[in-house]
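User: I'm new to reading protein models and could use some help. Can we go through a few features one at a time?

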Amino acid sequence: MPIPRRALVAAAVALVLPLSACGSGDSGGSTDASGKIEGDITFQTWNLRANFKPYFEGVVADFEKKYPGTHVKWIDQPAEGYADKISADAAGGTLPDVVNVSPDLVAPLAKAGLALDLDKSAAQYKKEYLAGAWAGHQVPGMTGTYAFPWYLNTGPLFYNKSLFEKAGLDAAQPPTTYDELFTDALRLADKSDGKVATLANVPTVEDFGRYGVELMNKEGTAFSFNDAKGVQLLTKYKELYDAKALDPQALTATPESSGKKFLTGAVAMNPGSALDLGNFKKQAPNLYKNIGITDQITSTGKVNMYVMGVMVNARTKHTPAAVAFAHFVTDAENQMSFAKKVAIFPSTAGSLDDPYFTKEDGTDETRVRVAAAKSLKNAVNYTPVLFSEQMKTALRNEIAKALQGKQSPKAALDNAVKACDTLLRQQG
């Protein structure tokens with residue numbers, strides 16, 4: 001039940017490809033951020049200009065006013081091909097001084113010695129951020145933190161109360177555990193003669209994490225989601241698939257297609273964020289009238305969070321200015337301002353205690369925001385930093401074979417781990 005990555009920002013970010021090249025690890029630049037904050041630096045964002053141009057122009061102007069000897073050139077790249085652009089810049093020595101990254105993008109840059117280790121160069125700022133967020137850009141097998149945490153997102157599970165009621169389920173008591181989810185899903189499928197599925201997506205690595213599966217060894221050298229618990233989860237999904245409690249088109253589903261199934265009443269539950277409520281109101285008013293909102297289901301007591309970061313190029317010629325600007329963009333004041341423009345959440349400690357994230361006003365939008373903010377305080381990013389898009393595809397392909405009965409759940413996960421470990425070794 002992955003929350004679609006589009007929930008990160010209204011502008012929608014694309015899924016990314018791994019960077020192919022590993023470098024020498026030679027940083028080439030100064031790691032000392034204690035000098036005078038001055039010089040010209042370049043700041044690159046990821047598909048944010050269209051919706052947030054005035055905000056970022058304001059942040060840049062405020063920084064330049066605070067530090068008169070600086071000049072920040074802001075560039076924004078489209079979502080399409082962002083990872084390839086970073087890869088090309090990294091290989092060509094043209095990587096901007098300050099870069100908007102996700103954890104899976106920062107890992108190969110850190111390995112190549114291109115991401116500044118903030119634990120060494122900016123450790124004084126660590127206490128300003130939520131612990132789970134600061135850890136979001138750490139790389140297994142390496143010591144250090146390679147980007148300032150920026151905005152976070154998570155979201156609830158939405159469910160269709162009328163579909164629950166038609167199946168004889170209590171719409172006021174949605175499932176809160178995996179056992180309840182699987183039981184309710186089988187009942188919904190049975191009562192609707194297979195016309196109503198409960199879920200529209202096959203399990204992702206994040207779902208295995210939420211189920212309590214140990215995904216990877218601590219050294220970051222091998223995956224381990226083929227353990228008994230992992231096999232148990234995939235076996236349950238196979239049961240759902242056979243009963244049509246998992247949508248028959250789940251094998252090829254995208255977040256968008258899953259969302260459409262939920263809008264039309266073909267699927268009873270779907271993950272999302274506060275952004276989706278407005279969409280329901282406009283596109284499916286009948287669904288909106290019957291919308292139920294409940295927490296993500298997890299066996300660990302910690303929900304999944306998505307985290308975006310701001311990385312400093314280790315080879316920047318202006319380390320003090322680049323570190324100062326990366327911190328400025330991600331400080332509490334600027335994050336709070338950004339969070340009020342779009343349904344995302346700040347990663348700074350204490351910000352989630354602001355009344356904006358704690359006070360109910362009777363609207364569903366606020367209810368989702370308050371619940372999500374509360375859950376983020378101890379949330380984790382379950383997707384391993386080293387889990388690339390190629391690995392996601394390998395896992396999905398093996399899961400599809402298991403659901404179709406072409407191989408056992410155990411064989412599917414064994415094969416997926418083998419493929420992912422091979423890809424991991426190729427990362428260098």
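Analyst: Sure! Keep in mind that this is a predicted model. Let's start with one residue: Asp89 has a relative accessibility of 8%, so it counts as buried.

User: Which other residues of helix α2 are buried?

Analyst: Helix α2 covers residues 82–92, and its buried residues are Tyr82, Ala83, Ile86, Ser87 and Asp89. They sit on the same side of α2, because they cover an arc of only 165 degrees around the axis. Here's the general idea: an α-helix has 3.6 residues a turn, so residues three or four places apart point the same way.

User: Which residues are exposed on the other side of α2?

Analyst: Over there you'll find Ala91 and Gly92 exposed. Carry on just past the end of α2 and you meet Gly93, whose phi is positive, about 75 degrees.

User: And what covers the buried residues of α2?

Analyst: The cover includes three strands, β1 (39–46), β2 (70–77) and β3 (98–101), plus helix α3 (103–111).

User: Those strands make me curious. In what order do the strands of the sheet come?

Analyst: Read it across as β2-β1-β3-β8-β4-β9: six strands in an open sheet, with mixed pairing. At the edges are β2 and β9 (345–346), each pairing on one side only. Now zoom in on β1 and β3: they run parallel and are joined by two bridges. For example, Gln44 has Val99 in β3 as its bridge partner.

User: Which helix lies across β4 and β9?

Analyst: That's α14, residues 332–339. It runs at about 25 degrees to β4 (148–153).

User: Can we look at one residue within a strand? Is Asn100 buried or exposed?

Analyst: Asn100 is in strand β3, and it's buried, with a relative accessible area of 0%. Leaving aside residues up to four places away in sequence, Asn100 touches Gln44, Thr45, Trp46, Leu48, Tyr82, Ile86, Trp150, Met308 and Gly309. You've already met Tyr82 and Ile86 among the buried residues of α2.

User: Next topic: salt bridges. How many does the structure hold?

Analyst: There are 13 salt bridges. In general, side chains of opposite charge can pair when their charged atoms come close. Back in α2, Lys85 forms one with Asp89, and their closest N and O atoms are 3.3 Å apart. These two are four residues apart in the helix, which means about one helical turn separates them. Lys85 is partly exposed at 33% relative accessible area, while Asp89 is the buried residue we began with.

User: Where is there another pair about one helical turn apart?

Analyst: Try helix α9 (residues 228–242), where Asp242 and Lys238 are four residues apart. Their side chains meet in a salt bridge at 3.0 Å, N to O. Lys238 is partly exposed, at 22% relative accessibility.

User: What does the salt bridge between Asp247 and Lys261 tie together?

Analyst: Those side chains meet at 3.4 Å, N to O. Asp247 lies in the loop between α9 and α10 (255–263), and Lys261 is in helix α10, so the pair ties together parts that are 14 residues apart in sequence. Asp247 is buried, with 6% relative accessible area, whereas Lys261 is partly exposed at 21%.

User: Which residues are joined into one network by salt bridges that share partners?

Analyst: Glu206, Asp207 and Arg210 are joined that way.

Notes. Residues numbered from 1 in each chain as written. Predicted model: local features only at pLDDT ≥ 70, side-chain atom pairs only at ≥ 80, totals over all residues. Heavy atoms only, no water. Buried < 20%, exposed > 50% of the residue type's maximum accessible area, 1.4 Å probe, protein only. Arc of directions from axis to C-beta. Contact = heavy atoms within 4.5 Å. Pairing = 2+ DSSP bridges. Axes fitted to C-alpha atoms, helices over the stretch in contact; angles between N-to-C directions. Salt bridge = Lys/Arg side-chain N within 4 Å of Asp/Glu carboxyl O.
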